[in-house]
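Open the structure in your viewer and keep the selection tool ready. We will move from stop to stop, and at each one you get something to select and something to look for.

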Amino acid sequence: MALFLAFLSIFALTVGACHAALPADVYWNSVLPNTPIPSAIRHVIRSGVFVDDMDSVCAFFRYAATQSQIQDPSVTVFFLEKDLHPGANMTFHFTRTTTGATLLARELADSIPFSSAKLPEILSRLSIAPDSVQAETMKKILLECEEPAIDGEIRYCATSVESMVDFSTSSLGTRNVEALSTTVDRKAPPKQVYTISKVQKLPTSKLVVCHSENYAYAVFHCHTACAEAYKVSMVGKDGTKVEAVAACHTDTDGFNPEHVAFKVLNVKPGTVPICQFQPQNDIVWSPNTLSISPLEMVV
Ligand SMILES: *[C@@H]1O[C@H](CO)[C@@H](O)[C@H](O)[C@H]1NC(C)=O
């Protein structure tokens, strides 16, 4: 594994030397010249998918609360949309769960199989022991990626930034997009009170959310979602500055009433929007409708 990654780094360096930038950066900037690359991608889909009705897409809150989710009641994980306003104080503990995995260029990523049926071949190619914890984690991720999408949702596991860009833009039906991730300006801030200084609502509820997976290399598990999204600035008691992306699920009708969010907030599904901040490794894609021009729409 170490050898393989060392090889990859050399590969990346060589490519970098020739092109003066990583291929993913070049691809991003050629496709999305007006969309800054979010911090989460500094660490990783098939084109041709097009949805014209995202309003039926609601994929959250399907699963019941597990014990591990009910951890520390003094830390805010879920909150109500009405509580999201400048001057509000909330207690958060921003932690980063995964470190940045090696990002593969699309050509390389595409040359490695990505399916649970080919796990033995994958492990052998990456020199990973079949009975290792890492092999078990990879198997779990592959199986999750192969789960059928729920009604109205589109899902895709992207093994390169290039394929994530293609999936997100084709799913949103435009290349005029915002790609946002939560950024925290200190490495490991303590659990503390944050005061919200600014709240900006995104002009649309069509989103693609991509989660970084802890695979052998960078993999983004992306899915479409309908939620109100906000850019939120806040400052911690110790001065930590956070630019966060919040997603508020407005249509919680039909969601599992046993979900931890309803328990913690003491509300019933379908009554009020429920919000959460996206983890730092997530990327939230949304159409940039403020400056959209019909020419930029992908048809
Ligand atoms: C939030 O905390 C700040 C700093 O401790 C305090 O000045 C402010 O009054 C608090 N706001 C509310 C709404 O409690």
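**Stop 1: β7 and β8**

Select residues 206-213, strand β7, and residues 219-226, strand β8. This is a predicted model, and in it the two strands pair in the antiparallel sense over 8 bridges. Which residue of β8 is the bridge partner of E213? Pick V219 and you have found the partner.

**Stop 2: the sheet around them**

Now widen the selection. β7 and β8 belong to an open sheet of 5 strands. The order is β3-β8-β7-β12-β4, with antiparallel pairing. Which strands lie at the edges? They are β3 (155-158) and β4, and each of them pairs on one side only. Look at the twist too: neighbouring strands of this sheet are turned by 20° against each other on average, ignoring direction.

**Stop 3: β12**

Select residues 283-287, strand β12. In the sheet order, β12 sits between β7 and β4. β7 is joined to β12 by 3 bridges, and the two run antiparallel. Here V209 has V284 in β12 as its bridge partner. On the other side, 4 bridges join β12 to strand β4, residues 177-180, again antiparallel. There, E178 has S286 in β12 as its bridge partner.

How many of the 5 residues of β12 are buried? The count is 5 of 5, so the strand is mostly covered, a residue being buried if 20 or more other C-beta atoms lie within 10 Å of its own. Show the side chains next. In a regular strand, side chains alternate between the two faces of the sheet. In β12, I283, W285 and P287 are on one side, and V284 and S286 are on the other. Both faces are covered.

**Stop 4: β10 and its partners**

Move to residues 241-249, strand β10. Is this strand enclosed or open? It is largely enclosed by the rest of the structure, because 7 of its 9 residues are buried.

Now add its partners, one at a time.

- Strand β9, residues 228-236, is joined to β10 by 8 bridges and runs antiparallel to it. Select E228 and C248 to see one pair of bridge partners.
- Strand β11, residues 274-277, pairs with β10 in the antiparallel sense over 4 bridges. Here H249 has I274 as its bridge partner.
- Strand β5, residues 183-184, pairs with β10 in the antiparallel sense over 2 bridges. Its residue T183 has E243 as bridge partner.

Go back to β9 and follow the chain into β10. The two strands form a hairpin, with 4 residues between them. Click on G239 in the turn: its phi is positive, about 95°.

**Stop 5: another positive phi**

Most residues other than glycine have a negative phi. Select S127 for a contrast. Its phi is near 55°, a positive value in a residue other than glycine. Where is S127? Look in the loop between α4 (119-125) and α5 (133-146). S127 counts as exposed because it has 12 other C-beta atoms within 10 Å.

**Stop 6: α2 and α6**

Leave the strands for the helices. Select residues 23-31, helix α2. Its buried residues are P23, A24 and W28. Turn the view until you look down the axis of α2: the buried residues fall within an arc of 135°, so they line one face of the helix.

Then add helix α6, residues 161-172. The two helices pack at an angle of about 25°, with their axes 8 Å apart. They are therefore roughly parallel to each other. Which residues meet here? From α2 come A24, Y27, W28 and V31; from α6 come V161, E162, V165 and T169. By class, this contact has 6 nonpolar, 1 polar and 1 charged residues.

**Stop 7: H85**

Select H85, in the loop between β1 (78-80) and β2 (89-92). Buried or exposed? H85 counts as exposed, because it has 10 C-beta neighbours inside 10 Å. Now pick T195. It is 110 residues away from H85 along the chain, while their C-alpha atoms are separated by 9.6 Å. Leaving aside its neighbours within four places in sequence, H85 is in contact with I196 and V199.

**Last stop: the whole chain**

Zoom out. The chain has 7 helices and 12 strands. Of its 299 residues, 35% count as buried.

Key
Residues numbered from 1 in each chain as written. Predicted model: local features only at pLDDT ≥ 70, side-chain atom pairs only at ≥ 80, totals over all residues. Contact = placed C-beta atoms within 7 Å. Arc of directions from axis to C-beta. Pairing = 2+ DSSP bridges. Axes fitted to C-alpha atoms, helices over the stretch in contact; angles between N-to-C directions. Parallel < 35°, antiparallel > 145°, perpendicular 65-115°, else oblique. Nonpolar A, V, L, I, M, F, W, Y, C, P; charged D, E, K, R; others polar.
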